Amino acid sequence: MRKNFGSKPWFYPLPVLIIGTYNEDNTADAMNAAWGGLYDADKVVLCLSAGHKTTANIKARKAFTVSFADAAHVVPADYVGIVSANREPRKMEISGFHTTKSTFVDAPLIHELPVALECELIKVNEDGNIIGQIVNVSIDESVLGVDGKLDLDKFRPISFEPVHNAYHALGEEVGNAFNDGAALQ
């Protein structure tokens with residue numbers, strides 16, 4: 001038997017996205033955004049309200065990075081989501097995150113988060129959602145496997161669980177995409 005809960009934003013899994021931008025004074029900023037994802041094979045969409053410093057930064061610089069928070073950095077990832085750069089200019093310093101400028105876009109890469117999408121702003125749509133073009137995917141070698149690709153046994157991304165406001169680590173392989181279903185053909 002099922003229990004009905006009505007309309008809720010319970011979408012699983014919700015990746016914990018850390019959006020990196022530069023402020024007008026060229027200092028780095030980051031925010032935690034659970035509402036975002038792929039918009040096509042080579043684009044991302046971010047649902048950010050207009051009042052965020054990050055939103056203003058993206059509009060001004062026309063660029064941003066999307067890093068995936070991991071289990072090792074839950075505390076600073078949560079911190080950049082609960083503290084606004086509009087009120088705390090030392091937000092990045094306090095978080096403990098360190099950055100380097102992307103060579104592809106005018107936005108920072110966060111050293112501690114090993115997987116990032118480097119994006120250029122395409123547009124802000126009529127709903128205020130930010131649409132970005134993925135220019136590059138940057139992955140630290142520490143989370144690459146022997147095949148030279150991302151290894152989820154080394155990289156433990158987290159997802160946001162909206163019912164209990166919790167973070168959960170992802171990682172256990174349970175099947176093979178575009179393969180296991182063939183058994184039913």
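W10 is partly exposed in this predicted model, with a relative accessible area of 31%. The residue sits in the segment before β1 (14-15). W10 also has company at the surface: together with F5, Y12 and V163, this tryptophan makes a nonpolar patch of about 380 Å². A residue has to have over 30% relative accessible area to be part of such a patch, and W10, at 31%, therefore gets in.

As for annotation, an unreviewed UniProt entry lists residues 12-143 as "domain: Flavin reductase like". Over that stretch, the chain is 17% helix and 42% strand. The C-alpha atoms at the two ends of the stretch are 24 Å apart.

Some of that strand content can be followed through β10, which covers residues 130-139. On one side of the story is β9 (residues 115-124), which pairs with β10 in the antiparallel sense over 9 bridges. Within this pairing, C119 has I134 of β10 as its bridge partner. The two strands form a hairpin, with 5 residues between them. G128 is in the turn of that hairpin and has a positive phi of about 90°. Strand β10 also runs antiparallel to β5 (residues 43-46), and here 4 bridges do the joining. K43 stands opposite Q133 of β10.

Turning to charged side chains, the count of salt bridges comes to 6. One of them joins D29 and K91, whose closest N and O atoms are 3.9 Å apart. This pair links distant parts of the chain, with D29 in strand β3 (residues 28-33) and K91 in helix α3 (residues 91-95), 62 residues apart. Are the two partners buried or exposed? D29 is buried, with a relative accessible area of just 2%, and K91 counts as buried too, at 4% relative accessibility. Both values fall under the 20% cut-off, which is why both residues get that label.

Another salt bridge brings together the side chains of D106 and R61, at 3.0 Å from N to O. D106 lies in the loop between β7 (99-101) and β8 (108-110), while R61 belongs to helix α1 (residues 53-61), so this contact ties together parts that are 45 residues apart in sequence. D106 counts as partly exposed, at 24% relative accessibility.

R90 and E93 form a salt bridge as well, with 3.6 Å between the closest N and O atoms. R90 is partly exposed, having a relative accessible area of 43%, whereas E93 is exposed at 57%. The label changes between these two partners because E93 is over the 50% mark and R90 is not. Salt bridges can also share partners, and in this way R61, K101 and D106 are joined into one network.

Finally, there are the aromatic rings. A pair of aromatic rings is described by how far apart the centres are and by the angle of the planes. The structure holds 2 aromatic pairs. In one of them, F160 and Y167 have ring centres 6.3 Å apart and planes at 55°, so the pair is tilted. An angle over 60 degrees would have made it edge-to-face, and one under 30 degrees stacked. The two residues also carry separate accessibility labels: F160 is buried, with a relative accessible area of 18%, and Y167 is partly exposed, with 27%. The 20% cut-off falls between those two values, which is why the labels differ.

Definitions and conventions
Residues numbered from 1 in each chain as written. Predicted model: local features only at pLDDT ≥ 70, side-chain atom pairs only at ≥ 80, totals over all residues. Heavy atoms only, no water. UniProt positions renumbered as here; feature names shortened; annotations may be inferred. Patch = residues over 30% accessible without salt bridge, like charges linked within 9 Å, V, L, I, M, F, W, Y side chains within 5 Å. Areas by Shrake-Rupley, 256 points an atom, 1.4 Å probe, with all protein chains shown as cover. Salt bridge = Lys/Arg side-chain N within 4 Å of Asp/Glu carboxyl O. Buried < 20%, exposed > 50% of the residue type's maximum accessible area, 1.4 Å probe, protein only. Pairing = 2+ DSSP bridges. Phe/Tyr/Trp six-rings, centres within 6.5 Å; stacked < 30°, edge-to-face > 60°.
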